[in-house]
Amino acid sequence: MGRNLAIIGVAVALLLGMSSRAQDAAKGQMAAERFEKLSPEQKEALRAKLREFKALPKEEQERIRSNLERFKKLPPEERERLKSNLREFQRLPTEERQLLRERFREFRNMDPERKAELRRRMREYLRAHPERREQMMENMRRWRQMTPKQRQELRERMRERRRR
């Protein structure tokens, strides 16, 4: 899904670039030139993503356009950080990506006070315990090396510990 949104974003960027007025004519021409350099398979994939984008509800299209504009305005290092995070997300197994999406949906649906409280507590925790942050990163590295079966066993052990 993340890859799909990224490709949709590129399609929107091409569309926005190609449909620009006089001040954006150069951008449109550059986008058209980039499009012409794509392989036939890439062109067809992009066209398919464009059809997929056009089939989305108008609100969703606008949300994607808005996110793309926000992304373009970010400093280069921040854009690179986001791209890196997306690559990391895409490397995760499907189950983990789905779990993260669900958790994010839950977070997004929380009331603003609860969100702010969670953010505050996490920042506080990480500032107060830099060695714990390093331990969390090490745990994450080990987690990524586990098989799905090992991860499930660990989850069950953790649930069991919490019940006690």
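The following exercises, with worked solutions, concern salt bridges and side-chain exposure in a predicted model.

Residues are numbered from 1 along each chain as its sequence is written, and side-chain values use heavy atoms, without hydrogens or water. Because the model is predicted, local features need pLDDT of at least 70 and side-chain atom pairs count only at pLDDT 80 or more, whereas totals for chains, interfaces and linings use all residues.

**Exercise 1.** Determine how many salt bridges the structure holds, and characterise the pair Glu78 and Arg81.

*Solution.* Step 1: apply the criterion, namely a side-chain nitrogen of Lys or Arg within 4 Å of a carboxyl oxygen of Asp or Glu. The structure holds 15 such salt bridges. Step 2: inspect the pair. Glu78 and Arg81 form a salt bridge with an N to O distance of 2.6 Å. Step 3: place the pair in the fold, where helices (H or I, at least four residues) are DSSP runs numbered from the N terminus. Glu78 and Arg81 lie three residues apart in helix H5 (residues 76-91), so about one helical turn separates them. Step 4: assess exposure, with buried meaning under 20% relative accessible area, exposed over 50% and partly exposed in between (1.4 Å probe, protein chains only). Glu78 is partly exposed at 26%, and Arg81 is likewise partly exposed at 40%.

**Exercise 2.** Describe the salt bridge between Glu88 and Arg91 and identify the network to which these residues belong.

*Solution.* Step 1: the closest N and O atoms of Glu88 and Arg91 are 2.5 Å apart. Step 2: both residues lie in helix H5, three residues apart, which is about one turn of the helix. Step 3: Glu88 is partly exposed at 29% relative accessible area, while Arg91 is exposed at 57%. Step 4: a network of salt bridges links Glu88, Arg91 and Arg144.

**Exercise 3.** Analyse the pair Glu138 and Arg141.

*Solution.* Step 1: the side chains of Glu138 and Arg141 meet in a salt bridge at 3.2 Å, N to O. Step 2: the two residues are three apart in helix H8 (residues 130-145), and therefore about one helical turn from each other. Step 3: Glu138 is partly exposed at 30%, as is Arg141 at 37%.

**Exercise 4.** Establish whether Arg151 is buried or exposed, and list its contacts.

*Solution.* Step 1: Arg151 lies in helix H9 (residues 148-163). Step 2: with 5% relative accessibility, Arg151 counts as buried. Step 3: contact means heavy atoms within 4.5 Å. Leaving aside residues up to four places away in sequence, Arg151 touches Pro93, Glu96, Trp143, Arg144, Gln145 and Met146.
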